[in-house]
Amino acid sequence: MSKKFIQAKKGSSSLDLACRQQKQLLYFTTSEIQEEARNDYFQNYVESKYYNNDVFLNWVKSIFKNDNFLSFAKYYRNPNPSSKLVNTRIKEPLSRVFFSEDNYFNYWINGKEVEYPKELEDDFEENLFDHIIFRYNDIIVHDLHDTNEPYRYFVDINKVVSIDVDGNCIEKIAYSGKIHYEGEDIYGYVYLDDEKYEFYTQGYDLVLSETHDYGQCPATFVVKKKFDNDPIVKESIFSYLRAELEEYTFLKTLQRLTHPNGAFPIITQIEAKMLNDDNMDFDNDGTEPMSLDQINGQVSHEARGTAGSGRGSNTQAGSIITVPAITKEDGSIDMELSKNFFTYYHTPVDILNYINDRIKELESEIITSSLGSYSERNDVSMTELQTRKGIVSMEDKLRWFSNTMSFSREKSDNMMLSLKYGKDNVRTDIFYGSDFFMQTESMIYDMFNKAPNAIERKNLLVRLAQRRNMYNKEKSKREVILYKLLPYSSDAEFDIAVEKDKVGDKEFELQTRFNYWIAQFESMYGSICSFWEDTNANESEKIVLLNNLIFNLIPVNNGKETSN
């Protein structure tokens, strides 16, 4: 049955589409290493039908004349411009998915909650993030080193030879691979279904067969959402941007091609008679240059007046050129020859402006489509309404990414633990979150000033601590605890309470010397974060306990210490 499944190449048309789509987008999102060019490197491709397997340059070759294509190809460099845009302006903002406020990763093994199972201590999360961006059609396969020793790896979609799916679940899969068996490497096909792992040689001979008790095929897709209603071809954040990425790369290369024309413009020069080293006109002395020295010795009569050697370009720096004086009929000197002896031609400014403007439009379109319209760049001036809409837009994109990460991570982690402990003995609940700290600190401060009550202000202070320290979980946790212990969330609240004589001596001391009394507490009880985590109580009980312990440290009434 498994041998026939491999030979049948089930789903081959969809697999071909998935491979082609991923390859096309990888070209513009990851690029390649620049090849070294020989003298005949580009000319050979002009003379051949195709520019090797480079789909982009093949397309450029089809729309350009040979000379124009040669110029373009020489200025096209890798990593290409679109891959730089993706990796410097898009990938990093998407990593905010790791730092949401409301994410959770819950695991239960044999009925007990486990903070983070040791079987999952690998670099899977980072690899999954990269695959969702760049290699979204690949497959995650889960295998066993030995009994109850699971591991996982990614299989390139172009290695898959046959696949059977039901919705988002893979029922059977076969892909090319190799195993080390009885002291030698054997190349062939790996087969997986809901009962077994098998390996066949390239001649379809069965080498080994192992069973598993997971109950499902231990393979899953990297991305959940399908493209164009095909369950095997998945949707990437760049799936509908291929044309824009291509045009962006095309125009950036044309822009690079025009830059040298600014430094080295096209020059026309009035033709002058050429003289040999004896000041004889080659046109009239009856001789022809017979050697390279004679050829190099040909310079214009006007260039004989150039300072330094008579050889080289008339336009080089420091050149002094004399031209014959021509008298007009009225006896004056005609200066047109000296003015127009050289004429310089640059690329027209309107063409340069068009290329620049179109590149900016494309760049904005690609970034907005990938991330939403929100920007944290200081050089972007936006109204409050635009900023709010931009935040909603980017949060929508991040939620899509979060849902994709959550789907793949939960299925993979569940498979890993099930292969170790048994499917019925594990449970996972994973969510990468939906709140990504999009408000800037200045925006939170503005909201704080407009907050209607102390509860809102306290919540905003907690949010500020989380936003400011979203890349430092420990520091964020500490600041959140301190804000919850601070008696008054703002100086304005505190001043009103003092004015109305509503502040006790200990509250006044704690509010005005807060950091000092926290330091006193930690010198006696240790880290306030550790104390918080080690206390077996709910949040309200922890706050009351901490406040009482801190108040016990504060002396009042002329230095006499009291306690609660």
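Here is a short walk through two parts of this structure, a sheet and a helix. Keep in mind as you look that the model is predicted.

Let us begin with the sheet. Five strands make it up, lined up in the order S5-S6-S7-S8-S9, and the sheet is open, with antiparallel pairing. At its edges you will find strand S5 (160-166) and strand S9 (206-211), each of which pairs on one side only. On average, neighbouring strands of this sheet are turned by 25 degrees against each other, direction ignored. For a look at one pairing, go to strand S8 (residues 196-201), which is joined to S9 by five bridges, the two running antiparallel. One place to see this is Lys196, whose bridge partner in S9 is Thr211.

Now move along the chain to helix H15, which covers residues 473-485. This helix has 13 residues, and from its first C-alpha to its last it reaches 19 Å, close to the 18 Å expected at 1.5 Å a residue. Which residues of H15 are buried? They are Ser476, Glu479, Val480, Ile481, Leu482, Tyr483 and Leu485. The helices that the buried residues of H15 pack against are H14 (454-468), H17 (505-512), H18 (514-525), H19 (528-534) and H20 (539-553).

Let us finish with a single residue of this helix, Glu479. Why does Glu479 count as buried? Its relative accessibility is 18%, and buried means under 20%, so Glu479 falls in that class. Leaving aside residues up to four places away in sequence, Glu479 touches Ala465, Arg468 and Asn469.

Terms used. Residues are numbered from 1 along each chain as its sequence is written. This is a predicted model: local features need pLDDT of at least 70, side-chain atom pairs count only at pLDDT 80 or more; totals for chains, interfaces and linings use all residues. Side-chain values use heavy atoms; hydrogens and water are left out. Helices (H or I, at least four residues) and strands (E, at least two) are DSSP runs, numbered from the N terminus. The expected span of a helix is 1.5 Å times one less than its number of residues. Buried means under 20% relative accessible area, exposed over 50%, partly exposed in between (1.4 Å probe, protein chains only). Contact means heavy atoms within 4.5 Å. Two strands pair if DSSP finds at least two bridges between them. Axes are lines fitted to C-alpha atoms, for helices over the stretch in contact, and angles run from 0 to 180 degrees between N-to-C directions.
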